[in-house]
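Me: Could you walk me through this model, one question at a time? I would like to see the reasoning behind each answer.

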Amino acid sequence: MDDKEILDLYWARSEQAIEETGRKYGAALRRVARNILGDEQESEECVNDTWLAAWNSIPPRRPDPLLTYLCKITRNGALSRRRQSLAKKRNSSFDVALDELEEVLAAPGSPERDYESRELAAAVNGFLAGLSREDRFAFLRRYWYGDPVKRIAAQLNSGEHRLSVRLSRIRKNLKNHLEKEGLL
């Protein structure tokens, strides 16, 4: 089933939408969650949360491409779960207090913050567009999908050390690009 047909099922509020989405993209989303969380059960719960979030946000959204949209939901959910897990393991109540205060001070919905986020996203997208296909692939697989260097190196027929150096150079170039744009 193609993405348009799956989205039509969401818009029709058919529960088959979740089944079809799971059949087509479940393995990829579990891999994203597993790369971040490192735990099979937590990853499965995270993917289940993705199905709920997709159900609640489609409609009104009609994401294109659907996989990227679902990966973003999964990735954000996995990162949130990871932060919560790490917070539980802390010994210092001061660290937890600072995190709580950060939520208040961060003002996540402020227009200024939204504008800065859009500017940063545009700058990163512009930087990525200027990379070679292989560099862009390596960067996204490592830093968006969280794939291990070993897996990416195998996909690119490259050595792990060579890829690590390559990723280091890309990060350095990204930092320079963002500094030139006045975003760092």
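**Salt bridges and fold**

Reply: Happy to, and let's begin with one residue: Glu45 has a relative accessibility of 31%, so Glu45 counts as partly exposed. Please keep in mind that this is a predicted model.

Me: Thanks! Which residue forms a salt bridge with Glu45?

Reply: In this pair the closest N and O atoms are 3.4 Å apart, and the cut-off for a salt bridge is 4 Å. Glu45 lies in helix H3 and its partner in helix H4, so the pair ties together parts that are 36 residues apart in sequence. The partner of Glu45 is Arg81.

Me: Is Arg81 buried or exposed?

Reply: Buried means under 20% relative accessible area. The relative accessibility of Arg81 is 18%, so Arg81 counts as buried.

Me: Which residue meets Arg81 in a salt bridge at 3.1 Å, N to O?

Reply: This partner has 29% relative accessibility and therefore counts as partly exposed. The side chain that meets Arg81 at 3.1 Å belongs to Glu42. Glu42 lies in helix H3 (residues 40-57) and Arg81 in helix H4 (residues 66-89), so the pair ties together parts whose separation in sequence is 39 residues.

Me: How many residues apart are Asp8 and Lys4, which both lie in helix H1?

Reply: Asp8 and Lys4 form a salt bridge, with 3.1 Å between the closest N and O atoms. Asp8 is partly exposed at 32% relative accessibility, while Lys4 is exposed at 53%. Within helix H1 (residues 3-11) their spacing is about one turn of the helix, that is, four residues.

Me: How many salt bridges does the structure hold?

Reply: The pairs we have discussed include Asp8 with Lys4 and Arg81 with Glu45. Over the structure, the number of salt bridges is 14.

Me: Which elements make up the secondary structure of the protein?

Reply: Read along the sequence, the pattern is α-α-α-α-α-α-α-α-α. The secondary structure therefore comes to zero strands and nine helices.

Me: Is Ser43 buried or exposed, and which residues is it in contact with?

Reply: Ser43 has its place in helix H3. At 0% relative accessibility it falls under the 20% cut-off, so Ser43 counts as buried. Leaving aside neighbours within four places in sequence, its contacts are Arg30, Ala33, Arg34 and Leu37.

Me: What share of the residues in the protein is buried?

Reply: Ser43 is one of the residues that count as buried, and Arg81 is another. The protein has 184 residues, and the buried share is 30%.

Me: What share of the contacts with a separation of 6 or more comes from residues 24 or more positions apart?

Reply: Here the contacts counted are those in the protein with a separation of 6 or more. Residues 24 or more positions apart account for 56%.

Me: What is the volume of the largest pocket, and which residues lie nearest its centre?

Reply: The largest pocket has a volume of about 790 Å³. Its lining is made of 17 residues, and H4, helix H6 (111-129), helix H7 (133-143) and helix H9 (160-180) each supply at least two of them. Nearest the centre lie Lys72, Ala121, Val124, Asn125 and Trp144.

Me: How many residues of each class does the lining of the largest pocket have?

Reply: Lys72, which lies among those nearest the centre, belongs to the charged class. By class, the lining has two charged, three polar and twelve nonpolar residues.

Methods
Residues numbered from 1 in each chain as written. Predicted model: local features only at pLDDT ≥ 70, side-chain atom pairs only at ≥ 80, totals over all residues. Heavy atoms only, no water. Helix = DSSP H or I, 4+ residues; strand = E, 2+ residues; numbered from the N terminus. Buried < 20%, exposed > 50% of the residue type's maximum accessible area, 1.4 Å probe, protein only. Contact = heavy atoms within 4.5 Å. 1 Å grid on protein atoms, 1.4 Å probe; cavity = no way out; pocket = protein on both sides within 12 Å on 5 of 7 lines; lining within 4 Å. Points joined across faces, edges and corners; volume = space filled by probe spheres on them.
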